[in-house]
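This report describes a metal site, a ligand pocket and the nonpolar packing of one model.

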Amino acid sequence: MYPAYWVAAVTVVAATLRGSPMGQPAAITAATVLFVAGGLPHGAYDLALFRRAIALDRYGITLAASCYVAVAALMAIMWMIMPLAALILFLAVAAVHFGEDWDMLDEPLLRLAAGLAVIAAPAIGHRADVSRLFVAMSDGRATFVAQIIVAAAPVTLMVTAVSIGIAWRSGNRQWASAMALCLALLLILPPVVGFALFFVFLHSPRHLSQARATLGDMTPAQWLSTGVLLSGAAIIGWWALQGLSPAPMAWNMTAQAFQLLASVAMPHFLLSHWLAKRLHQ
Ligand SMILES: CC1=C(/C=C/C(C)=C/C=C/C(C)=C/C=C/C=C(C)/C=C/C=C(C)/C=C/C2=C(C)CCCC2(C)C)C(C)(C)CCC1
Ligand SMILES: [Fe+2]
């Protein structure tokens with residue numbers, strides 16, 4: 001399982017060992033493009049999945065799409081007017097959402113810690129870089145957020161080491177070994193590179209394979225066009241909103257890319273959380 005992840009991880013490790021400058025602007029830009037282009041499509045099937053879960057007529061679909069766009073737009077506006085609160089909300093939602101990848105763990109607190117570990121590992125491994133990115137996404141007060149995450153990181157990572165053991169013993173060996181390596185790489189590699197590896201090659205494929213299984217009757221052309229068109233629409237929507245913004249948004253491309261992800265992450269989280277609950281009922 002996750003063959004592309006192992007190829008990508010080995011490639012990044014080999015490049016690092018060969019002395020490739022992974023922390024340089026060109027590498028960070030490439031990782032940013034990768035996590036946007038490779039990560040956005042994993043939410044593009046949200047509405048199709050919703051439609052599959054409850055039969056919707058044309059009016060229902062329009063209403064659901066409007067709610068989805070409204071939630072994402074509210075989050076984008078929050079970045080403009082209260083960026084610190086937006087950052088805190090984003091990180092909290094991301095921790096819960098990444099924790100949902102650990103469906104083999106029964107204990108919600110263990111899942112939350114495992115989700116938080118994805119943020120804690122780069123934060124403790126590259127304090128200055130992560131703090132700088134948080135500030136670029138929000139404002140100077142964000143250094144405090146980074147400090148809190150760093151303070152919680154040792155416990156978070158130790159608890160997650162236990163969860164990796166539980167996952168391994170319960171037969172989820174592929175996931176346990178992939179995540180063990182990924183957390184080590186998140187500690188070592190530049191944060192954006194480590195995050196791209198996790199997001200594009202571990203988190204997104206889990207969603208995408210579940211979505212593909214549920215939407216098995218979509219033709220490959222429909223599947224591809226939904227992914228490309230809705231991901232593109234999300235990027236265009238983000239640009240359009242920025243044009244309307246009275247205050248300039250983050251100046252840094254990576255910070256902007258994270259803000260875009262955070263905006264679509266809100267409806268994506270609400271929907272996938274709801275769908276997962278419904279599935280377990
Ligand atoms: C359907 C639809 C659509 C689309 C959608 C989409 C496309 C979605 C997606 C979604 C998604 C795609 C989501 C995502 C999520 C994500 C997340 C949740 C993330 C997180 C992250 C983090 C948390 C990070 C952190 C950090 C930083 C920031 C810095 C560095 C370091 C670190 C890494 C720590 C539209 C709107 C068009 C329309 C309607 C319908
Ligand atoms: Fe997701």
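## Iron site

H42 and H268 are both buried. In this predicted model, the two residues belong to the coordination of the iron ion (ligand 2), whose donors are the NE2 atoms of H42, H97, H203, H207 and H268, at 2.1 to 2.4 Å. H42 sits in the loop between α2 (25-39) and α3 (46-53), whereas H268 is part of helix α12 (residues 253-280), so this pair ties together parts 226 residues apart in sequence.

Along the chain, the donor residues of the iron ion follow the spacing H-x54-H-x105-H-x3-H-x60-H.

## Surroundings of ligand 1

Ligand 1 is surrounded by 29 residues, and the closest are Y68, F90, A94, L230 and A265. Taken alone, ligand 1 exposes 960 Å², of which the protein buries 96%. Two or more residues of the shell come from each of α4 (58-81), α5 (83-99), α6 (108-125), α7 (127-137), α10 (191-214), α11 (220-244) and α12.

Helix α12 gives the largest share of this shell, 5 residues. By class, the shell around ligand 1 consists of 25 nonpolar and 4 polar residues, with no charged ones.

## Nonpolar cores

The largest nonpolar core comprises 80 residues, and F35 and F134 have the most contacts inside it. Its largest share, 10 residues, is supplied by α10. Leaving aside neighbours within four places in sequence, F35 is in contact with L40, V192, F195, A196, F199, V200, T254, A257, F258 and L261.

Another core, of 13 residues, lies apart from the largest one; among its members are A44, F50, L215 and W223.

Note on methods: Residues are numbered from 1 along each chain as its sequence is written. Chains are lettered from A and ligands numbered from 1 in the order in which they are written. This is a predicted model: local features need pLDDT of at least 70, side-chain atom pairs count only at pLDDT 80 or more; totals for chains, interfaces and linings use all residues. Side-chain values use heavy atoms; hydrogens and water are left out. Donors are N, O and S atoms within 2.8 Å of the metal (3.2 Å for Na, K and Ca); water is not among the atoms, so sites may look incomplete. Helices (H or I, at least four residues) and strands (E, at least two) are DSSP runs, numbered from the N terminus. Buried means under 20% relative accessible area, exposed over 50%, partly exposed in between (1.4 Å probe, protein chains only). A residue is near a molecule or strand if one of its heavy atoms lies within 4 Å of it. Accessible areas come from the Shrake-Rupley method with a 1.4 Å probe; for residues, only the protein chains shown count as cover. Ala, Val, Leu, Ile, Met, Phe, Trp, Tyr, Cys and Pro count as nonpolar, Asp, Glu, Lys and Arg as charged, and the others, Gly among them, as polar. A nonpolar core is a set of buried Ala, Val, Leu, Ile, Met, Phe, Trp, Tyr and Cys residues joined through side-chain atoms within 4.5 Å. Contact means heavy atoms within 4.5 Å.
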